[in-house]
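Here are some notes for a colleague who is opening this structure for the first time. Please keep the sequence and the 3D view side by side while reading the points below.

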Amino acid sequence: MAVTIEDVEHVAKLARLALAPEEKQTLSRQLSDVLEHARVISAVDTTGVPPTSHALPLVNVLRDDVVRPSLDRDDVTGNAEWAENGAFKVPRII
Amino acid sequence: MEYETVIGLEIHAELATMSKMFCGCSTYFGGEPNSRTCPVCLGHPGSLPVANAKAIADSILLALALDCDITPRSIFHRKNYFYPDMPKNFQISQYDVPLSSGGQIVIDVGDRTRTVRITRVHLEEDTGKSIHVGESGRIHGAEHSLEDFNRAGIPMVEVVTEPDLRSPEEARVFMQLLRSTLEYLEISDCKMEEGSLRCDANISISADGVLGTKVEIKNMNSFRALFRALTYEEERQRFLLRDGGTVIQETRHWDEGAGKTHPLRTKEEAFDYRYFPEPDLVPLEPDPRFVAELKSGLPELPRARMMRLVEQYGLPEDISVMLTGEKALADYFERAVETGQDPVELAKWIAGDLVAMLKESVVPIRHCPLEPRGLGELVALVAQNIISGKMAKDVLREAYETGKGPKEIVDSKGLAQIDDAGRIESVVAEVIAENPEAAEDLRNGKEQALKFLMGQVMKKTRGQANPEMASEMMKKSLR
Amino acid sequence: MSIIFADALTISDMIKARKISVREVLEEFFGRIDEVEPRVHAYINLSREEAYLAVEGLEDELLRGADAGPYAGVPIAVKDVLSTRGFPTTCGSRMLEGFVPVYDATAVERIKAAGTIMLGKANMDEFAMGSSTENSYFGPTRNPWDLERVPGGSSGGSAAAVAAGEAPWALGSDTGGSIRQPAALCGIVGLKPTYGLVSRYGLVAFASSLDQVGPMARTVRDCAGLLGVIAGHDPNDSTSISAEVPDYLEGLTGEVKGLRAGVVKELSSEGIDADVLSLFKAGVDKLSDMGIECEEVSLPSFSYGLSAYYLIAPAEASSNLARFDGVRYGYRSPEEHEDIWEMYDRTRAAGFGQEVKRRIMLGTYALSAGYYDEYYAQAQKIRTLIVRDYGRAWQNFDVLVSQTSPSTAFKLGEKTSDPLTMYLSDICTIPVNLAGIPAISLPCGLSDGLPVGFQVMAPPLEESKLLNVAYALEREVGFEALPPI
């Protein structure tokens, strides 16, 4: 199952990664290799086998509706030099 | 060509829990940007979600009120997409195994009823808020945006209907009923203007029974906007089809100012959400006994109450709908009924004058300065002919504004209606004498003159003359 | 008498017996760090100042006879994937260079409460993706046994630090073998606990359904001690188990006679180094000598483990790493951006290394429309088959055994040109993570001067049994060699 350059571009858009042309080539090749190797699982008969999305048998892990202290403003924006008046500044969206 | 409008709604309501869905930050509205955040709702590396038990209970309650089946084992899913108001760039939501499904609710539109099927009710977390900085403050043409995550992580319940609605009016009625239901259950503030109740719609036109292409409409921020947007879109699509065009499947944005919908053009394309089960949360298996308890604890719901009030008290349906639109209002009415006064009269006073005054002074019914028994007192005064209906309006206003009881006001101001036939007779005679032209007009059959002459009688008696008596006497004298 | 190669519990006893001061202990270890770090590069950031400050207060407490924790004054290295409040946490990535967390991971809180002193944050493959620590933005760590070779990964820094005497013990994390494989390549002991036994709160997520924090140390006993500190329910982690945590140290009786060990057939076939295989077999013989019944067992689904893992792990990772976008913290591309989409694309392209990007791409693809059922969903079903195979095995065996890694430490740069070659290093360790069971690696000998690791696996929540078997084997093997550095 070959992963084409178009596939790579489409996936890079979903993953929000800017890729250089050589990177796209390399990834197309490498992803194809890995998926080709992984294809061995397609041959396995899994009819009636449920997927394991959670390794544990836990259910209903909940917490009470109680308010806990929030972070200080300094802690919130301390790792973002671009913050303005406590809000996170970002370039235009549209 | 038989055209039919087909509408389905997708509603999001913020739940009024104290803390957020997956962390303990307060959900209180407002505050400085990012003053109610923590590593979890900011998506810091290594943070993990823990689900709010009350949010789950509230969602189940809503699902039960909408007659849904509660899924024995449901799970959370991740909905993956990038947007600056998303702390993790995935939203924890539910996908193919939601909390509940398969319900229905009946709405009354004019003299018809419509059963609207509910596809599902599920739980998810809200996003943060973007403040767009630029000339208009709107997203188009903004220079940059500022992100505030106070709202991020607030629990939201999503209700999806089947495309069972057949007109913009039905959509509006449905939303109002849903809002009332949320209010009755006391699980949401449901303020569309504040954003705690949001609605998107899917609308299509079927031609001769063949389903049309559906268009998604977003950005309707009030019931009125919902109605206007769907009315516009219905017309747009019908004209398009009539003129031989095709409706494109797209998302359109309602522009309140322009009164139109436009296609939404963003760079955020390819909505491939890559849903997969949320590995950081474990499945929900609501205890059937707990669910049964919630079910038996459901309050009387809006429509049921509306019908009971009609049946039990003989209220006109439209007034009953009005009163039961808000639980507290209906509660007020039923407490007023305990005074023993005529329920229909009480209802009319509440639905008319009282609600108008509350709206004018922006006061919620639970803070109404006039107690239900005070209203009963007022109605009693009218029923006993102590004051006229018109006078009662003034007394009501004074009672509302001063907090004094109606009887006290009537007594202290000597407002009691004049029923003394002798007195009225003499006033009528006075008025006739002072207004010969009008009197002559009335003798000649001009009904307008009666109005004028009655006005003079009321002036002389400061509105306290028994209007029926005065009117009879006036007519008798001049025939 | 230098304590840099003493085990942690011994150092702890010495401190308690006042045979050495906590300050002296620190001086010894920082002295060793200064001596060998330029060559080994086990650490990304050292917390020298903070450590000395911490021991000042500690000296006083101990003098007063206050209870400063069961392991008061014992230094520790912490893999830089765990959140440490007020101290940089980079995950070996440019994306988090300079990032200072505002909270401590639960595991970190617990080791602090136990009185340990953090020496620094250990080097690692970027965002825990790798098997050699060559994927660190801050440069690779070198194996103390041979500086031209890798220490394994992704907890390569933690393993090398312990092996080289730069820390008596360390915290690592394991998603597909990241504690066990470097432990094997560096000749130390490393344990991956049952999924859910140790809180993941504060562990920067790679693959949420597979990640676990675990102890890495010189001896099985040390691992048992450290596990006891970090294990146990945490209300901040919804996937945290509530079961009682036994006293792991008490469980180390060394009595293993009559237990049954299964030798996994699918892990002893092709692709394993001849030397590694023969040392592993010698280890199995030692188990027999101790009265453990050893028999071959087949777990057929293990052949698919690698493929399933390389679909599930990147899929979860692609979602977990989406938060790194330059909006709230971390690296942000410094150029002028047309719009936020450009900012995202450039920030993530520059902030992440090649391996991370590769896995994000792989994971996104495996989850995308049209491929979900074929790849991700199918892999999750394979996972069920693996769980069932283990389940069947536990009916006849108390533990399962294999070598930890198909080879000894390979040379730096040897496997970096082809990702698949690197991925194959995880073949023996991966099934354990897919099933969520506990496993340990301990040294069973040297091959051409390079350590070989022996892996023991046990049923869920049977760490006591696991540690005890490892403890007994450790004694039989008597591995005392030290790296030449």
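1. The buried residues of helix H6 of chain B pack against three helices of that chain, namely helix H5 (302-313), helix H7 (327-337) and helix H8 (343-360). In this predicted model, H6(B) covers residues 317-324 and is mostly covered itself, since six of its eight residues are buried. The buried residues are Ile319(B), Ser320(B), Val321(B), Met322(B), Leu323(B) and Thr324(B).

2. Gly376(B) can be found in helix H9 of chain B, which spans residues 372-383. Is Gly376(B) buried or exposed? Gly376(B) counts as buried because it has 22 C-beta neighbours inside 10 Å, where 20 or more are needed. Apart from its neighbours within four places in sequence, Gly376(B) is in contact with Ala336(B), Thr339(B), Gln341(B) and Leu346(B). Gly340(B) is 36 residues away along the chain, and its C-alpha atom is separated from that of Gly376(B) by 7.6 Å.

3. For orientation, chain B is divided into domain 1 (3-293), domain 2 (300-413) and domain 3 (421-477). Taken over C-alpha atoms, the centres of domain 1 and domain 3 of chain B are separated by 62 Å.

4. Chain B also holds an open sheet of nine strands with mixed pairing, and the strand order is S3-S6-S7-S10-S1-S11-S12-S13-S14. The edges are formed by strand S3 (69-70) and strand S14 (260-263) of chain B, each of which pairs on one side only. Strands of a sheet pair through backbone hydrogen bonds, in either a parallel or an antiparallel sense.

5. At one edge of this sheet, S3(B) is joined by two bridges to strand S6 (residues 100-109) of chain B, and the two run antiparallel; Asp69(B) has Ser101(B) in S6(B) as its bridge partner. S6(B) in turn pairs with strand S7 (residues 112-125) of chain B, again in the antiparallel sense, over nine bridges. Val109(B) stands opposite Arg112(B) in S7(B). The hairpin of S6(B) and S7(B) has two residues between the strands, and in it Gly110(B) takes a positive phi near 60 degrees.

6. Elsewhere in the sheet, strand S1 (residues 3-14) and strand S11 (residues 197-207) of chain B pair in the antiparallel sense over 11 bridges, and the bridge partner of Ile7(B) in S11(B) is Ile203(B). Which helix lies across these strands? Helix H3 (residues 223-242) of chain B lies across S1 and S11, and also across strand S12 (215-220), strand S13 (251-255) and S14 of chain B, while running at about 20 degrees to S11(B).

7. The contacts between chains deserve a separate look. Between chain C and chain A, 52 residues of chain C are in contact with 43 residues of chain A. On the chain C side, helix H9 (305-320), helix H10 (340-351), helix H11 (354-367), helix H12 (373-394) and helix H13 (419-423) each supply at least two residues, and the largest share, 11 residues, comes from H12(C). The residues on this side of chain C divide into 27 nonpolar, 14 polar and 11 charged.

8. Chain C is also met by chain B, where 27 residues of chain B are in contact with 36 residues of chain C. The side of chain B that touches chain C divides into 15 nonpolar, five polar and seven charged residues.

9. Within chain C, Pro431(C) has its place in helix H14 (residues 430-435), and it counts as buried because it has 33 C-beta neighbours inside 10 Å. Leaving aside neighbours within four places in sequence, Pro431(C) is in contact with Phe302(C), Gly305(C) and Ile386(C). From C-alpha to C-alpha, Pro431(C) and Tyr390(C) are 9.4 Å apart in space, although 41 residues apart in sequence.

10. The secondary structure of chain A comes to three helices and three strands, and from the N terminus on its elements run α-α-β-α-β-β. Chain A has a radius of gyration of 23 Å, well over the 12 Å that the globule rule gives for 94 residues, so it is more spread out than a compact globule. Along the principal axes, the C-alpha atoms of chain A fill a box of roughly 55 × 45 × 20 Å, and buried residues make up 35% of the 94 residues in chain A.

Note on methods:
Residues are numbered from 1 along each chain as its sequence is written. Chains are lettered from A and ligands numbered from 1 in the order in which they are written. This is a predicted model: local features need pLDDT of at least 70, side-chain atom pairs count only at pLDDT 80 or more; totals for chains, interfaces and linings use all residues. Two strands pair if DSSP finds at least two bridges between them. Helices (H or I, at least four residues) and strands (E, at least two) are DSSP runs, numbered from the N terminus. Two residues are in contact if their C-beta atoms, placed from the backbone, lie within 7 Å. Axes are lines fitted to C-alpha atoms, for helices over the stretch in contact, and angles run from 0 to 180 degrees between N-to-C directions. Ala, Val, Leu, Ile, Met, Phe, Trp, Tyr, Cys and Pro count as nonpolar, Asp, Glu, Lys and Arg as charged, and the others, Gly among them, as polar. The radius of gyration is taken over C-alpha atoms; the globule rule is 2.2 Å times the number of residues to the power 0.38. A residue is buried if 20 or more other C-beta atoms lie within 10 Å of its own, exposed if 12 or fewer, and partly exposed in between; C-beta atoms are placed from the backbone. Domain bounds come from an automatic or database domain assignment.
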